[in-house]
Amino acid sequence: MADFAWTIPFWPALGWLVLGLVGGHLPRRLVAWIGCGTVALAFAAAVAARATFPGEPQERTLFTWIAAGAFSVDAGLLLDRLSIVMVLMVSGVGLLIHIYSVGYMAEDRAYSRYFAYLNLFMASMLLLVMGRNLLVLFVGWELVGLCSYLLIGFWFDRERAANSGRKAFVVNRIGDAAFLIGVLLLWTSLGTLDLRAIGAQAATLGAPVMVTASLLLFTGATGKSAQLPLYTWLPDAMEGPTPVSALIHAATMVTAGVYMIARLFPLFTHPVTVVVVATVGALTAFFAATIALVEWDMKRVMAYSTISQLGYMFLAVGVLAPAAGIFHLTTHAFFKALLFLAAGSVMHAMHNVIDMHMLGGLARPLRYTAGAFIIGGLALAGIPPFSGFFSKDLILERAWEHAVGGGSPVPFILGLVTALVTAVYITRAARYAFFDQSYREPHPHEAPPVMLWPMALLALLSVAGGLLGAQRIGAPLLEFLAPQFAEAAPHEAAPGLFVPVLSILAGVAGVAIGWLGYRDRRDPDLGWVARLFSRHWYLLDLYDGVLVPAAKRVAVLLAGPVDLGVIDRAVNGIGALAVGGARGLRRLQTGYVRQYAAIILVGTILLMAYWATR
Amino acid sequence: MQVGLNHYLAVSALLFGLGLYGILTRRNAVAILMGIELMLNAANINLVAFNRYVAPGALAGHVFALIIITLAACEAAVGLALVLAVYRNLETIHVDEINVMKW
Amino acid sequence: MPPASDLALLVPELWLAALGLVLLGVDLFVGEQNKRTVGWVAVGGLLLALVPTWGLAGAVHRPGTTVFFGSYAVDGFAVFFKFLAIIATTLVILASMDYFRASGDRQGSTQRFEGEFYTLLVFTGLGLVLMAASADLILVALSIEFVSLTSYVLAAYLKGNPKSNEAGLKYFLFGAAASAVMFYGFSLLYGLTGSTSLYVIAEKVATVPAPALTVSLALMLAGFGFKISMVPFHQWTPDVYEGAPTPVAAFLSVGSKAAGFAVLLRVVAVAIAPSGLDYVTLIAGLSAVSMFVGNLLALPQRNIKRMLAYSSISHAGFILIGVAAFGGAFGNTGLLIYLFAYMFFTLGAFFIAALIEARLGSDDIPDYAGLSQRAPGLAFLMALFMLSLTGIPPTAGFFAKFYIFAAAIERSPALLWLVAVGVVNSVISLYYYVNVIRTMYLLPPQDPARIQEPAVLRTALWVTGAATLLLGLYPQPLITFARAAALLLP
């Protein structure tokens, strides 16, 4: 395998270094060239890696990171079938979004800072998918979270943006804490952190350890991939620049959880884990889709849609079809990035207006953008021959086989219903923004070519991407991935027509409902159902109405009447609890020497009492 | 009845308790310092008594006691200097009044 | 009489003592405006002291090498802490040079007693070296007091500043009381075993009645706990850190703490462990409490030095995980690695606090707003230190935490709960550390004027920053070194 394949993550890192150190002094053109050029090099290296890939997994040790006796962890990279697919997707979509950003951010003051962060993100994400062991993966995992935080809060003069960034970071870290404990547990049980070794030895683990470790890792994945119940940060993350939403919060970072599970797939094959993953995925898919149905902010519609589609991917892994999950991950990256870029183009034209109440009739002035959005929307809705149909249909087929084979029918049923809801909400959004008349801006202008070309390429991929996995033409992507997932449930050779027909019916019906039921930017009166959806199935009431006040009450008990205004709602209950506890403890810190001395005495006596009572 | 190790230990414990009591109840920094000296001397009594009764062959206990006496003198020197500096600035050596910093 | 060859093993200590005396002499001949010269001599001397220390690292391979009748250890463990103490002292002196100049200019005072300050720092460094190597209760007592006395003076060094006075006095009263309690514990331990040598105590401790031993250990823990700012002996920490000159606070949080851990380990692991007393559970409990108390109290802080003080308490808790895991294959190394890595990023964070304090006259975190525009380099480094304190990869802090968690799990599955507590605490700590980053990067500056970075301090900062990053990316040399050091502990 060619040596330059191993340089993939280092090109964007180089770009980050250059832009971070001297970017402020460089002309904008050069900044753009460095920002995009380094990613292009990474993409070129990824293509070369695919071209010269010998079939067997390749590993490269950069240096020994930790070596202590029998235990050793390398800072090493791994290129196998799965990581090659991920690297190609990440660097390819990343490159297009970088180019789009050149136009989108053209007016921004902090141009070089933006590209520096974006390059750092690319480097981290590529490290994440190429990491050879869990520790390297975790480094990437944390760094992408950090970049996400910096980029969400990129427009720091908006208070909401800064707070959303922090919320994303903190919620992610809650998941990461579970993830880290899972990693440590795996290490003590197996004595290795090597990803392939863990995969190979997972079967030797006892059931309790296997379930515990896999669920801990899964908790980390729910945080990063915004699944129930840790989904709340992703909609708020839309405060960041739109290309960032497209890259980080739709195509790449949020899929890290799916990637991690697919990577350690043998670990996730225990029946208990399987049920949990599939159920959480299916529930999230349906739940988020219903919220998207009543959301008016176009980017937030897309955010809930992303959560929902990620739910599909988890569903796929949960019905033992990881290849289908990765396939959907890939097509989703294409069409969701396209949808976001189109939404960004709308914002560009409408001076950052994104509330669908204020849009309408944009299909005429923004011809290309509308075309892109419609292609992306049809792919999302699962209408053949667009790419989304193939991948979603594959997942549904596998869920069906799973149900028929004695598994739970819930994933299939929810998956099918979600397909219908998905088609409805994306049609609604497209109709409101592009077709219904009357928008206030008199002359919106189409985006410059530097923004349109990436959209065109993504549109092409959204149309043709399905060929990667179309069963009837040999499914090149699935064939390529097949040796990776030997443990996956065996797939029946000839799929019936039953599921595809249902799937197409759901999509077409959804589009029809969306087109006919929603017009002139007025939702049909759904009564309590609409309220149910817009309150997140009363989950918001649970969070805001029960958990936060409860935590506050505990805090007040601990601390007496204190000003809780400082508590950022971002960390809701936990923050309140912690700050409250802190205020209680603080009272001990009076500044009086004698009291301190008394505490020494009490402390010493307690230490003695500890042994006295044993 | 002869005076034995336990008698010394009792005196030392008493002295330690007295010193602790002084630290906890006095508001004057110098008085607190005196309490600390009492506690150090309690340790000294222990050391000398143990040397006599437990390890009479060696001098480690005596040496330790001498060193603690020296340390006590050093502590007193530094401590009084600090008290003086505080008095110059704040015009008080009552420790309850010296609490600009808290929480 | 001890053989003269013993002296050859004491070259670093003798060198440091001589250096301190020379500095006092140099100070006499240097004019008030050129006191920096004293600092440069000190830095040069300290760097030279690394040479004989390096020689020792190669020479000492037998476990438990001691000199002066077994009272002073020259093992890898001691050598490791020699390095740590000397590097920390050097960096703190580099940082102090600018701090004194800038804060002196701002307050218009000329009497700064700068020369004596450097001298005291060098002597304190010597005290730290002695602490880590003492293998006899008498020497332990002597060296702890040595460090304490100089530290009291350093904390109160800004004579005209009421906060500094208060810090000094509180530190003194608290420290003297803790020492007195600890000495009482020493006297009991001596009475129980009839010896002051830790190695002899180790041989006899198994036959000692357990209740008496526990009383003695509890009393000693008060003294050690004070030095490492472990809950419940932590109360002085925030007040002293806030009031003391910032470089001194940095020194206390790194140097005293590390040496305190060295003594704690030597006494507990060498002398007490053979008794079979279950100290692990107790240390684990204290560790958990320290982490929680430190982190929760750090949350509402606005003053960066108080925040770092509480963070230092919580880090004491993290390091105590290593003490609890001591004896396992990783525990020994984990603790040493943590202390070494912790030195760099904590010093760095304090140095930036010192610089901001000297330039802006403020310790408040809200005044860090927009630092990314006023001083991009500083903001980047501070962000790095904060991430490292939180334990985000690929910084030294992450690596240290990972290692110490791994050590606890490896030592005994019964410590798994402690690891969980540790991980939860790193999440809590994230909140206040990231708040600093958020303030620097995401809030607009009140005053857009650039902040100057003085050259000397910049050197110290880049050294700490580079170490923070390098130890995270390539920690292998440190691991090798720490393993060698930990194995030599008898």
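# Close-up views of a predicted model

**View 1. C:Phe80, a buried residue in helix H4 of chain C.** With 25 C-beta neighbours inside 10 Å, C:Phe80 counts as buried, since 20 or more are needed for that label. Keep in mind, here and in every view below, that this is a predicted model. C:Phe80 belongs to helix H4, which covers residues 76–107 of chain C. Look for the partners that C:Phe80 touches beyond four places away in sequence: they are C:Leu336, C:Ala482 and C:Ala485. Find C:Ala132 as well, which lies 52 residues from C:Phe80 along the chain, with 9.0 Å between the two C-alpha atoms.

**View 2. Helices H7 and H9 of chain C, side by side.** Helix H7 spans residues 162–193 and helix H9 spans residues 210–228 of chain C; the two pack at an angle of about 150°, and their axes are 7 Å apart. How does H7(C) run relative to H9(C), roughly parallel or roughly antiparallel? The angle makes the pair roughly antiparallel, because an angle over 145 degrees earns that description. The crossing of H7(C) and H9(C) is left-handed. On the H7(C) side, the residues that meet H9(C) include C:Phe174, C:Ala178, C:Met182, C:Phe186 and C:Leu189. On the H9(C) side, among them are C:Leu213, C:Val215, C:Leu219, C:Met220 and C:Phe226. Sorted by class, the contact of H7(C) with H9(C) holds 16 nonpolar residues, 5 polar ones and no charged ones.

**View 3. The loop that follows H9 in chain C.** Two residues are worth finding in the loop between H9 and H10 of chain C, and one of them is C:Ser229. Phi of C:Ser229 is near 45°, which is a positive value in a residue other than glycine. Is C:Ser229 buried or exposed? C:Ser229 is buried, because 29 other C-beta atoms lie within 10 Å. The other residue to find is C:Pro232, also in the loop between H9 and helix H10 (236–243). The peptide bond leading from C:Val231 to C:Pro232 is cis, and its omega is near 5°.

**View 4. Helices H12 and H18 of chain C.** This pair is made of helix H12 (residues 279–298) and helix H18 (residues 416–442), packed at an angle of about 15° with axes 9 Å apart. That angle makes H12(C) roughly parallel to H18(C), because angles under 35 degrees count that way. H12(C) and H18(C) have a left-handed crossing. From H12(C), the contact is made by C:Ala284, C:Ser287, C:Ala288, C:Met291, C:Phe292, C:Asn295 and C:Ala298. From H18(C), the partners are C:Leu418, C:Val421, C:Gly422, C:Asn425, C:Ile428, C:Ser429 and C:Tyr432. The residues of the contact of H12(C) with H18(C) divide into 9 nonpolar, 5 polar and no charged.

**View 5. Helix H17 of chain C, an enclosed helix.** Helix H17 takes in residues 396–411 of chain C, 16 residues in total. From its first C-alpha to its last, H17(C) reaches 22 Å, close to the 22 Å expected at 1.5 Å a residue. How many of the residues of H17(C) are buried? The count is 16 of the 16, so H17(C) is largely enclosed by the rest of the structure.

**View 6. A:Gly311 in helix H13 of chain A.** Before zooming in, take in the whole of chain A, which has 24 helices and 2 strands. Of its 614 residues, 61% are buried. A:Gly311, found in helix H13, is buried, with 30 other C-beta atoms within 10 Å. Leaving aside neighbours within four places in sequence, A:Gly311 is in contact with A:Gln227, A:Gly281, A:Ala282, A:Thr284, A:Ala285 and A:Ala288. A:Leu228 is 83 residues from A:Gly311 in sequence, and their C-alpha atoms are 9.0 Å apart in space. Across chain A, residues 24 or more positions apart account for 81% of the contacts with a separation of 6 or more.

**View 7. Two loops of chain A.** A:Leu320 sits in the loop between helix H13 (298–318) and helix H14 (322–349). A:Leu320 has a positive phi of about 65° although it is not a glycine. A:Leu320 is also buried, with 24 other C-beta atoms within 10 Å. Now turn to the loop between helix H15 (367–381) and helix H16 (387–404), where A:Pro385 lies. The peptide bond from A:Pro384 to A:Pro385 is cis, with omega near 10°.

Methods
Residues numbered from 1 in each chain as written. Chains lettered and ligands numbered in written order. Predicted model: local features only at pLDDT ≥ 70, side-chain atom pairs only at ≥ 80, totals over all residues. Helix = DSSP H or I, 4+ residues; strand = E, 2+ residues; numbered from the N terminus. Buried ≥ 20, exposed ≤ 12 C-beta atoms within 10 Å, placed from the backbone. Contact = placed C-beta atoms within 7 Å. Axes fitted to C-alpha atoms, helices over the stretch in contact; angles between N-to-C directions. Parallel < 35°, antiparallel > 145°, perpendicular 65-115°, else oblique. Left-handed = near helix turned anticlockwise from the far one by under 90°. Nonpolar A, V, L, I, M, F, W, Y, C, P; charged D, E, K, R; others polar. Expected span 1.5 Å × (residues − 1).
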